[in-house]
Amino acid sequence: MKKATAFSLAIALTGAAFITSCNNNQTTTEKMETKAGITKAAWGNTDGKDVFLYTLTNAKGVQVKISNYGATVTSWVSPDKNNKPSSIVLGFDSLSGYLAKPPYFGAVVGRYGNRIAKGKFKIDNTQYTLATNNGSNALHGGLKGFDKQVWDASTQNDSTASLLLSYTSKDGEEGYPGNLKVTVRYTLTNDDELKIEYNATTDKPTVLNLTNHSYFNLTGDVSNSILDETLMIDADNYTPVDTTLIPTGEIKPVKGTPFDFTKAKKIGLEIGAVSGGYDHNFVLNKKDSSLQKIAALKDSISGRTLEVFTTQPGVQFYTGNFLDGTLSTPGAKKINQHAALCLETQHFPDSPNQPKFPTTLLLPGEQFHSVTVYKLSVN
Ligand code: BGC
């Protein structure tokens with residue numbers, strides 16, 4: 001294996017890991033004995049800032065790679081039921097893949113994840129106007145949202161590997177009011193959980209909706225459609241949308257509709273009855289902002305299960321409807337429609353224009369805090 005530009009930090013535990021190293025644009029993957037902890041490798045430069053790729057390894061040798069470009073999860077390599085390692089998320093092995101603006105693979109999206117109708121909202125009587133980058137609507141924070149920014153990073157290495165990413169979004173950036181200080185902490189636990197903690201403060205009233213936009217395919221192979229995976233979402237209701245995917249404002253029961261995932265079912269079972277495929281916000285049954293399990297995704301090919309826990313009130317279930325084969329994996333496999341899915345924990349889309357939805361307003365003096373955990377297991 002070629003030696004990557006990597007700085008190993010303090011280390012606690014040992015395990016077998018599957019290491020991907022990038023050097024001179026070449027990527028090599030091999031199994032080796034490694035130690036739990038976090039390493040940092042140079043990964044290029046953009047906007048005059050250095051970009052790094054961090055590798056978080058747990059005691060079992062499971063590895064999650066995260067870049068400070070867009071606070072992006074680029075891979076999550078774990079063994080399947082036959083002990084064969086593969087990544088359960090879509091991603092690229094070089095920065096250039098991300099600079100080509102893929103549809104938010106693995107990134108943190110913000111300041112407002114998902115859509116704001118016509119790119120307009122009011123706070124007190126002041127009207128704010130955002131770029132409309134998705135038909136007539138604003139999507140995922142604008143032309144240069146948090147997914148396209150270089151974040152500051154610091155690492156922590158005790159019993160679990162943890163990466164803290166920070167970004168200050170200036171007053172007026174992408175049309176949003178207030179200087180917003182955001183941190184995202186990623187922690188990979190020894191129970192194969194990827195924990196994501198978001199914190200933010202503002203100096204003017206603003207709106208905020210932060211999520212991670214990882215695309216999962218539990219088989220680890222994009223040639224397998226996610227329509228064969230099985231999903232449970234603990235939501236009795238969802239928010240119907242208009243033809244531009246903006247919520248109509250109604251909160252409708254899933255019972256008797258293709259949106260009923262309250263009992264685990266194959267994703268492909270009723271997708272044909274959903275125009276365009278699933279791209280909807282589910283209103284979670286949880287009644288408060290405690291961390292609770294809200295979804296479980298299972299795949300029989302790999303034996304993997306992904307459970308999702310969140311403090312947030314909603315989840316956007318998106319079946320990769322707009323993936324169309326123009327992008328390829330590092331292994332040169334085409335990423336076709338339904339090659340991966342997203343479970344984006346969030347507040348509801350267009351909340352700033354929907355008084356009945358839980359508020360996304362953040363005021364000076366308030367501390368925004370949310371947590372999402374993706375827990376992987378195999379049997
Ligand atoms: C949205 C989709 C969009 C995708 C990629 C999802 O959060 O709901 O409509 O195509 O992100 O941008």
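## Ligand site

The ligand is surrounded by 13 residues, and the closest of them are Arg 115, His 140, His 213, Asp 279 and Glu 344. The model described here is a predicted one. Sorted by class, the shell around the ligand consists of six nonpolar, four polar and three charged residues.

Polar side-chain atoms approach the ligand from several residues. In His 213, an N or O atom of the side chain is 2.7 Å from an oxygen atom of the ligand. Glu 344 also places a polar side-chain atom 2.7 Å from a ligand oxygen. For Gln 316, the distance from a polar side-chain atom to an oxygen atom of the ligand is 3.2 Å. Taken alone, the ligand exposes 310 Å², and 95% of that area is buried by the protein.

## Five-stranded sheet

Five strands form an open sheet in the order β22-β21-β24-β27-β28, and their pairing is antiparallel. At its edges are β22 (252–253) and β28 (342–346), each of which pairs on one side only. The residue range of β28 takes in Glu 344, which is listed among the closest residues to the ligand.

Within this sheet, β21 (residues 237–239) is joined to β24 (residues 279–283) by three bridges in the antiparallel sense. Thr 239 stands opposite Asn 281 of β24. The range of β24 begins at residue 279, and Asp 279 is one of the closest residues to the ligand.

## Nine-stranded sheet

A second open sheet has nine strands, ordered β14-β15-β16-β17-β30-β26-β25-β20-β23, with antiparallel pairing. Its edge strands are β14 (152–157) and β23 (265–266), and each pairs on one side only.

β15 (residues 161–169) pairs with β16 in the antiparallel sense over nine bridges. In that pairing, Tyr 167 has Val 182 in β16 as its bridge partner. On the other pairing of β16, the partner strand is β17, again antiparallel and over nine bridges. There, Thr 187 is matched with Lys 195 of β17. In a regular strand, side chains point alternately to the two faces of the sheet.

## Backbone features in loops

The strands β16 and β17 form a hairpin, with four residues between them. Asp 192 lies in this loop, between β16 (180–188) and β17 (193–202). Although Asp 192 is not a glycine, its phi is positive, at about 60°.

A cis peptide bond links Gly 110 to Arg 111, with omega near 5°. Arg 111 is placed in the loop between β9 (108–109) and β10 (115–116). The range given for β10 starts at residue 115, and Arg 115 is among the closest residues to the ligand.

## Internal cavities

Three cavities of 30 Å³ or more are found in the structure. The largest has a volume of about 70 Å³. Rolling a probe the size of a water molecule over the atoms shows where empty space remains.

The lining of the largest cavity is made up of Tyr 69, Thr 72, Tyr 98, Lys 101, Pro 102, Tyr 104, Phe 105, Ala 107, Asp 147 and Lys 148. By class, this lining has six nonpolar residues, one polar residue and three charged residues.

Key: Residues numbered from 1 in each chain as written. Predicted model: local features only at pLDDT ≥ 70, side-chain atom pairs only at ≥ 80, totals over all residues. Heavy atoms only, no water. Pairing = 2+ DSSP bridges. Helix = DSSP H or I, 4+ residues; strand = E, 2+ residues; numbered from the N terminus. 1 Å grid on protein atoms, 1.4 Å probe; cavity = no way out; pocket = protein on both sides within 12 Å on 5 of 7 lines; lining within 4 Å. Points joined across faces, edges and corners; volume = space filled by probe spheres on them. Nonpolar A, V, L, I, M, F, W, Y, C, P; charged D, E, K, R; others polar. Near = heavy atom within 4 Å. Polar contact = N/O pair within 3.5 Å; in protein donor to acceptor, adjacent residues only side chain to side chain. Areas by Shrake-Rupley, 256 points an atom, 1.4 Å probe, with all protein chains shown as cover.
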